[in-house]
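The exercises below concern one protein chain with a bound ligand. Work each one from the structure before reading its solution.

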Amino acid sequence: MEKILITGGAGFVGLAMARRLLDEGHQVDLLDNMARGQADQDLLALLAKPRARLIEADLTDPRAFLGLDKDYDLIFHLAAVIGVRNVMNHPDKVLYVNAISNLNLFEFAKGMPRLRRLVFSSTSEIYAGTLHHHGLPLPTPEDVPLALLDIQSPRTTYMLSKMYGESICFNYGRTHGIPFTILRFHNVYGPRMGFQHVVPEMFLKIARDSRVEVASPTHTRAMCYIDDAVDMSLRAARAQEAQGQVLNVGNPDQEVSILRLVETVAKVLGRDIETVPMPDTPGSPARRCPDISRIVALTGFRPRVDLEQGIRLTYDWYKHRLDKPHE
Ligand SMILES: NC(=O)c1ccc[n+]([C@@H]2O[C@H](COP(=O)([O-])OP(=O)(O)OC[C@H]3O[C@@H](n4cnc5c(N)ncnc54)[C@H](O)[C@@H]3O)[C@@H](O)[C@H]2O)c1
């Protein structure tokens, strides 16, 4: 049995990871400040399982760590302020919370005798500056040089906070002997991801109207179902050779246009729709697709869930909740 800490454990990715780890028989502590809202049925059901514990605490407060155990085998650091709305309206909070949380967590991880891996969750957004200024190879490998978008723009704060987090991994990791792996997540979707993403937005729109406006219809995204992202992450955390590595997590086999994504949602909902192409969203990359050959080589795992199957599984969760959309 492993003892595992998941920061941001009450969030979308964190809860899915916790569920899998508890099913495998491990002990899982979820640390979260509940910024996403009250405990919902999914979280309560998870906490009813043996060996699950919720620690309500804010990672920006060093006192949050005082009562924590020091004998974790694995730490998944998922807590962060994310999302376009936060980034545009509260860029100061994105910088503060993400930077201070990362520093505090690495301070906490110093000298932990049993710790085999601290997994840091980074993002595909980290490639946005390189794409804008220099262009990117697609699918994109991890070792392209990184660049920033406009330093004055609020949008830059999120990617900058993740670059800073990656730098902390390398430099605290090396200096203090903290074993780490950096995962750059690309377009992960699934149940309980909130309502601020294209998939649940389309569930809402298509359930209400047969005429659907589609912005950036030809832009493509590689859509990775949450179960595949969890599999890749857990395997990377345990793969000896993934120590000290940066790894893309995503599903290039399911790279689809936004139009095809919308049509797939309509198919799953059994609705005939008329799609109306709209202008491209400013700042939206025409194509985003990870090269995952490194993580596949290290873990032997390739994502399996195709888009239609993933949308079906996601809709099974959302269909009972469309009348009361929340964050
Ligand atoms: N979902 C994706 O497709 C995706 C893509 C790229 C990167 N990521 C990264 O993966 C991680 C998890 O993403 P998610 O989609 O599950 O996000 P999420 O918002 O659902 O979960 C983040 C959790 O962190 C918690 N949190 C925020 N600030 C905190 C603090 N100061 N102290 C303690 N807890 C705090 C929130 O309450 C929330 O439950 C994030 O770091 C995100 O940047 C996700």
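**Exercise 1.** Which residues is Pro-179 in contact with, leaving aside its neighbours within four places in sequence? Is Pro-179 buried, exposed or partly exposed?

*Solution.* The model is a predicted one.
- Step 1: Locate the residue. Pro-179 sits in the loop between helix 6 and strand 6 (180-185).
- Step 2: List the contacts. Once neighbours within four places are set aside, Pro-179 touches Leu-115, Arg-116, Arg-117, Leu-118 and Gln-243.
- Step 3: Classify the residue. There are 19 other C-beta atoms within 10 Å, and a buried residue needs 20 or more, so Pro-179 counts as partly exposed.
- Step 4: Take a pair distant in sequence. Pro-179 and Gln-240 are 61 residues apart along the chain, with their C-alpha atoms 10 Å apart in space.

**Exercise 2.** Compare sequence separation with C-alpha distance for the pair Asn-89 and Pro-154, then for Ala-286 and Gln-309.

*Solution.*
- Step 1: Asn-89 belongs to helix 3 (residues 84-89). Asn-89 is exposed because 12 other C-beta atoms lie within 10 Å.
- Step 2: The C-alpha atoms of Asn-89 and Pro-154 are separated by 8.1 Å, with their positions 65 residues apart in sequence.
- Step 3: Ala-286 lies in the loop between strand 13 (274-277) and strand 14 (287-288). With 11 other C-beta atoms within 10 Å, Ala-286 is exposed.
- Step 4: For Ala-286 and Gln-309, a sequence separation of 23 residues goes with a C-alpha separation of 25 Å.
- Step 5: Turn to the whole chain. Of its contacts with a separation of 6 or more, 82% are between residues 24 or more positions apart.

**Exercise 3.** Examine the backbone at Pro-139, Met-34 and Arg-192. What is the burial class of Met-34, and what is that of Arg-192?

*Solution.*
- Step 1: The peptide bond joining Leu-138 and Pro-139 is cis, with omega about -10 degrees. Pro-139 is placed in the loop between helix 5 (128-134) and helix 6 (155-176).
- Step 2: Met-34 is not a glycine, yet its phi is positive, at about 60 degrees. Met-34 lies in the loop between strand 2 (27-32) and helix 2 (41-47). Because 14 C-beta neighbours are inside 10 Å, Met-34 is classed as partly exposed.
- Step 3: Arg-192, also not a glycine, has a positive phi near 65 degrees. The loop between strand 7 (188-189) and helix 7 (198-208) holds Arg-192. Its 20 other C-beta atoms within 10 Å make Arg-192 buried.

**Exercise 4.** Which residues of helix 7 are buried, and what covers them?

*Solution.*
- Step 1: The buried residues in helix 7 include Val-199, Pro-200, Met-202 and Phe-203.
- Step 2: Their arc around the axis is only 155 degrees, so they are on the same side of helix 7.
- Step 3: Recall the helix geometry. An α-helix has 3.6 residues a turn, so residues three or four places apart point the same way.
- Step 4: The cover over the buried residues of helix 7 includes strand 7, helix 9 (258-269) and helix 11 (307-318).

**Exercise 5.** Describe the largest nonpolar core and the overall dimensions of the protein chain.

*Solution.*
- Step 1: The largest nonpolar core has 84 residues, and Ile-6, Ala-18, Ile-75, Ala-229 and Val-265 have the most contacts inside it.
- Step 2: Beyond four places in sequence, the contacts of Ile-6 are Gly-14, Met-17, Ala-18, Val-28, Leu-30, Phe-76 and Leu-78.
- Step 3: Buried residues make up 41% of the 327 in the protein chain.
- Step 4: The protein chain has 11 helices and 14 strands. Its radius of gyration is 19 Å, close to the 20 Å from the globule rule for 327 residues, so the chain is as compact as a globular protein of that length.
- Step 5: The C-alpha trace spans about 60 × 50 × 40 Å along its principal axes.

**Exercise 6.** Which residues come nearest to the ligand, and how do the residues of the shell divide by type?

*Solution.*
- Step 1: There are 26 residues around the ligand, of which Gly-8, Gly-11, Val-13, Ala-80 and Val-188 come nearest.
- Step 2: By type, the shell holds 14 nonpolar, 9 polar and 3 charged residues.
- Step 3: At least two shell residues come from each of helix 1 (12-23), helix 4 (91-109) and strand 5 (117-123). Helix 1 gives the most, with 3 residues.

Conventions
Residues numbered from 1 in each chain as written. Predicted model: local features only at pLDDT ≥ 70, side-chain atom pairs only at ≥ 80, totals over all residues. Near = placed C-beta within 6 Å. Helix = DSSP H or I, 4+ residues; strand = E, 2+ residues; numbered from the N terminus. Nonpolar A, V, L, I, M, F, W, Y, C, P; charged D, E, K, R; others polar. Core = buried A, V, L, I, M, F, W, Y, C linked by C-beta atoms within 7 Å. Contact = placed C-beta atoms within 7 Å. Arc of directions from axis to C-beta. Rg over C-alpha atoms; globule rule 2.2 N^0.38 Å.
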